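Trainee: I have a new structure on screen. Please show me how to read its features.

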Amino acid sequence: MGYKDILVFLDGSVENTARVDFALSLARAHRARLTGVDVDSAAAFVGEWSERAKSLEETFHASAERFGVDVRFRVAEQSSGDWKSYYTPYADLVIASQPNPEVADKILPEVPGDLLMSAGVPMILLPRDWRPTPVGEEIVIAWSPSGQAARAVHDAMPILTQARKVTVFKFAPPADAKDADVDLLRDHLRMHGVKAETDRWTDTGDLSAIEALFASRAMEEADLIVAGAYSHSRIREALFGGMTKSLLDQFSLPVFVSH
C-alpha cells in the first residue's frame, strides 16, 4: 500500500522550492494527492520573506502544473496551535524541514517538532539548506526493538520496498541466542520483498547512538534514515531514545521519522 495523500508544509523561506519539488516528485511517484499547508507566521509577511510568503499559493500551483500532480492549498490556523489546524491527521505522510532557530519567529511554533510528536503521522524531515538529490535509494534503518522503531519501519514500507539498498543499523553489544531482533526484522522485511543488510555497532562505550550511526559504514552512501521518534526518557535514551532531538537539531540527510 502506497501513500495516497501527502502533505507538505509551505513557508516563505528560500528552502521552500526544494521542499515542494521533493514533495511533488514523491506524490507523482506514488500517484498521490499533495496538500500544501501555509505555516508562515505573521512575522513572515514583513521584511525579506514577505513577497515569497504572499505568493505561496500561486507558486505552489505553478509547480504542481509542472509535475502534473493533483494538489490542494490550505492555510494553517495561526490562532489555534492545535494539531488539527495543520491538516496532518488527514495525510499519509508529511514533508517538512529541519527546524531553523534563526527564523523560528517566521514559522508557526508547532512546526515541525510538536506536530511530529502529536499528529500520529510519519514525516520526512529535510535538512536545512537541502538541495534536491535522490532520496530513498539507499536507506538506513536506525533500529532498536521498540514500538516507535517498529512503527517507523511499517510507515516507511512503501519507500523501503522501492529502495535499491536497505541496511539495518543497531547500536548494541553483540547479540546472543536470545537477542535476535535484527534477524527477526530482516526476516519481516523479506516478507515484504525487502532484502536488508545489517550493521551492528557493538562498542557502545565511547560514542552515543547518533554518533555511532553517522560513523558507521552503513551511512557512506545513504540518502535516507528511517527512525522512530521518542519523547524524552532516560531509559529510552540509553539506545536510540536521544536520537529524536539530535536528528531534529543537526543532520545532513533526510530522515523518515514516526512516533
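The talk below moves from a strand to pockets and then to aromatic pairs.

Mentor: First, the ground rules. This is a predicted model: local features need pLDDT of at least 70, side-chain atom pairs count only at pLDDT 80 or more, and totals for chains, interfaces and linings use all residues. Residues are numbered from 1 along each chain as its sequence is written, and side-chain values use heavy atoms, with hydrogens and water left out.

Trainee: Which way do the residues of strand β5 point?

Mentor: In a regular strand, side chains alternate between the two faces of the sheet. Strands (E, at least two residues) and helices (H or I, at least four) are DSSP runs, numbered from the N terminus. In β5, residues 123-126, Met123 and Leu125 point one way. Ile124 and Leu126 point the other way, and all are buried. Buried means under 20% relative accessible area, exposed over 50%, partly exposed in between (1.4 Å probe, protein chains only).

Trainee: Which strands pair with β5?

Mentor: Two strands pair if DSSP finds at least two bridges between them. Strand β4 (residues 93-97) runs parallel to β5, with four bridges. There, Ser97 stands opposite Leu126. Strand β10 (residues 255-258) runs antiparallel to β5, with three bridges. Here Ile124 stands opposite Phe256.

Trainee: What lines the largest pocket?

Mentor: A pocket is an open set of points on a 1 Å grid over the protein atoms alone, where a 1.4 Å probe fits, with protein on both sides within 12 Å along at least five of seven lines; lining residues have an atom within 4 Å of a point. Volume is the space filled by probe spheres set on the points, which are joined across faces, edges and corners. The largest pocket has about 470 Å³. Of its 26 lining residues, the closest to the centre are Gln98, Pro99, Asn100, Val103 and Ile107. β4 and α4 each supply at least two lining residues.

Trainee: Where are the aromatic pairs, and how many are there?

Mentor: Rings of Phe, Tyr and Trp (its six-membered ring) pair if their centres lie within 6.5 Å; planes under 30 degrees apart count as stacked, over 60 as edge-to-face and the rest as tilted. The whole structure has two pairs. Phe9 and Tyr86 are edge-to-face, 6.4 Å centre to centre, with 85 degrees between the planes. Phe9 lies in strand β1 and Tyr86 in the loop between β3 and β4, so the pair ties together parts 77 residues apart in sequence. Phe22 and Trp130 are also edge-to-face, at 5.7 Å and 75 degrees. Both Phe22 and Trp130 are buried.
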